[in-house]
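Visitor: I should like a close look at a single part of this model, the place where one strand turns into the next. Please then set that part within the rest of the structure.

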Amino acid sequence: MAQGPATQPQGGELGAAPVIVGLLLIAVVFQSMNDRFLSPQNLSNLTVQIAAIGLMTTGVIMVLLLGEIDLSIGSVAGLSAGVLAVLAVRHGWSEWAAVGAAVAVGLLVGLLHGFVFAKMGVPAFVVTLAGLLGWQGVHLYLMGGDGSINTSSSGAIAMLTQTYFVPVVGWFLVLLAVGLYLLSVLVVEGRRRSAGLPYKPLAEVLFRTLLLSLPLAGGVWVLNQYKGVPLAFLIFVGFVVVLDLVLRKTRYGRMVYAVGGSSEAARRAGINVDLIRISVFGIASTLAALGGVMLVSRNFAASVSTGGGAELMMAIAAAVIGGTSLFGGRGNAYSALLGGLVLGAITSGLLLLQMDTSVRFMITAAVLLIAVVLDAVSRRGRRTHARGGA
Amino acid sequence: MVALLGDNGAGKSTLVKVIAGAHPADSGGTVLWDGTPVTIGAPADAQRLGIATIYQDLALCDNLDIVGNLFLGNERLHFPGTLDEVEMERRAVELLDSLSVSIPDLRIPVAALSGGQRQIIAIARSLLGQPRVVMLDEPTAALGVAQTAQVLDLIERLRDQGLGVVLISHNMADVRAVADRAVVLRLGRNAGDFPIASTSYEEIVAAITGASDNPVTRRSTRTGSSATATKDKE
């Protein structure tokens, strides 16, 4: 998935290796304690469960790449859930229109955060802390006296997490992804070759393609054993892929990394730093709002507590566990997928073992701590290395 | 090649910032470009005129690779908005070759480079805009002996390619090594414009400090040594 080690800004020196090892370790441990852990049904449910927080994580990653933090995403997800339910149920809007409105509210909230942060110079930490409280307040206000509003269990909203694709669709998507990957790499390596730059030999390209296709095919095969590839997971992965392409292949993405690396250098290079900051906060809150829609879809309801629980912490933790640095400028969109899978697997495994939430929090905290320590150590390594030759 | 000299606080960096468009000019002054007055209100204006500036702190993004830094804010695109990495890398190799700079891997983050290499990348980056004048603010201030020589070599190569070079420096040895003219600023005013070849070290110091009677000259008379001895103290 993450490709061409030499051609992009890297997440960290260790890359994705520790997360993948951790994920395999988690799988082995839980499977040995309960053989239903790796069953197609459990894995399929896991992919649907991680979609909502996964979308929020994808947004958090953008903000972390800037070297900032967004503490409001849980509240924004809750606000979006509230807007969705109030409009769709109380005001009888069509469900798609309500989803659109909920996401638009997210975008506006994010732009507001970005504006206050970038233009008024208030630290993002404080702006979004106010957002954390304030949007939760608006959410409660919108819900009125109702503790929760039930949405239809058969409409468009519910469909988001209840749709599964027939097996052939899954296989088609695998072929499409692998084909596009291979094609794009071949084109790039061909151009590098004719430009006289170092290029990867065909054997390496094919090997990388194989390395990509194995988990994709394996995943689809397992999901097809149950109900097929879930739409919710596909939406999540779709956003991760699109965001990854935006970050690595577009000018906008390069600007985001540049601002995260050194905002002063970015400013002097003529980049509109304020605009990048505002847009990133806009994207983060939009994705959080989408996460809120997914939460409603899965519970058939928006309640006063939607988005007010562990969602914020889990989303930030997933981003860091997935390998995105808290110090800005380093990381990639796939951290959302990897980190989300790690946290989802832990949650699902402990539920199967009928462990208490308390245990889940403690274990999640330990995993998060390990990830942050790895991040800090690799950062310090880079610093000393950088000064070594000076 | 012009060297801009002056004591701390003499206004060297401010002058550079004004010319680069990073700092608004107060009033009264005019910038003449090819004999005509121009207004430089923003960094983009200066770039359009062909003035490239390399600041003391280099303004590189540590997390981006060399190619990414060279083309930052000036990326080559194939479709609107999408980066053409192959073209950028090809141009980067070409550019660094033309400067006789050898860095084996252009895809490592600049955080991993030495101070001299970082300075060279910062200078190379300014050349992508096809400037006619390059301003360097203290390019050798933080460098070791060998790296300073490397950077001075590069600066001489710029001059040989026909670029105007403005070198801001504290280091008289550097200035005498590469510059043709020295302009001295003192307390924000022009305190003299000297051809390096026919000006003594003491005359320049006198202009910098504003008097022929100053700690530096007093010291050299007292010790009875020539300029070289004092120069070593620098």
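Guide: Helices (H or I, at least four residues) and strands (E, at least two) are DSSP runs, numbered from the N terminus, and two strands pair if DSSP finds at least two bridges between them. The model is predicted: local features need pLDDT of at least 70 and side-chain atom pairs count only at pLDDT 80 or more, while totals for chains, interfaces and linings use all residues. Residues are numbered from 1 along each chain as its sequence is written, and chains are lettered from A and ligands numbered from 1 in the order in which they are written.

The part in question is the hairpin formed in chain B by strand S7 (residues 181–186) and strand S8 (residues 189–195), which pair in the antiparallel sense over five bridges. Two residues lie between these strands, and in this hairpin Leu187(B) takes a positive phi near 45°. Within the pairing, Ala182(B) has Phe194(B) of S8(B) as its bridge partner. S7(B) also pairs with strand S1 (residues 2–6) of chain B, here in the parallel sense and again over five bridges. In that pairing, Arg181(B) of S7(B) stands opposite Val2(B).

From the hairpin we may turn to the meeting of the two chains. Counting two residues as in contact if their C-beta atoms, placed from the backbone, lie within 7 Å, 29 residues of chain B touch 32 residues of chain A. On the chain B side, helix H2 (43–49) and helix H4 (85–98) each supply at least two residues, and H4(B) gives the most, with five. This side of chain B divides into 15 nonpolar, seven polar and seven charged residues, where Ala, Val, Leu, Ile, Met, Phe, Trp, Tyr, Cys and Pro count as nonpolar, Asp, Glu, Lys and Arg as charged, and the others, Gly among them, as polar.

The largest nonpolar core, a set of buried Ala, Val, Leu, Ile, Met, Phe, Trp, Tyr and Cys residues joined through C-beta atoms within 7 Å, has 160 residues, and Leu84(A) and Ala258(A) touch the most other members. Helix H12 (residues 273–299) of chain A gives the most to this core, with 14 residues. Once neighbours within four places in sequence are left aside, the contacts of Ala258(A) include Ala265(A) and Ile271(A) in chain A, as well as Cys61(B), Leu64(B) and Leu72(B) in chain B.

Two helices of chain A complete the picture. Helix H5 (residues 124–143) has 20 residues, so at 1.5 Å a residue it should span 28 Å, and its end C-alpha atoms are indeed 28 Å apart; the expected span is 1.5 Å times one less than the number of residues. Among its buried residues (20 or more other C-beta atoms within 10 Å of their own) are Val127(A), Trp135(A), His139(A) and Met143(A). Their cover includes helix H3 (73–90), helix H4 (95–120) and strand S1 (148–150) of chain A. Just after H5(A), Gly144(A) takes a positive phi of about 60°.

Helix H7 (residues 167–194) of chain A has 28 residues, so a span of 40 Å is expected, and the 41 Å between its end C-alpha atoms agrees with this. Gly196(A) follows H7(A) and has a positive phi, near 80°.

Notes. Buried ≥ 20, exposed ≤ 12 C-beta atoms within 10 Å, placed from the backbone.
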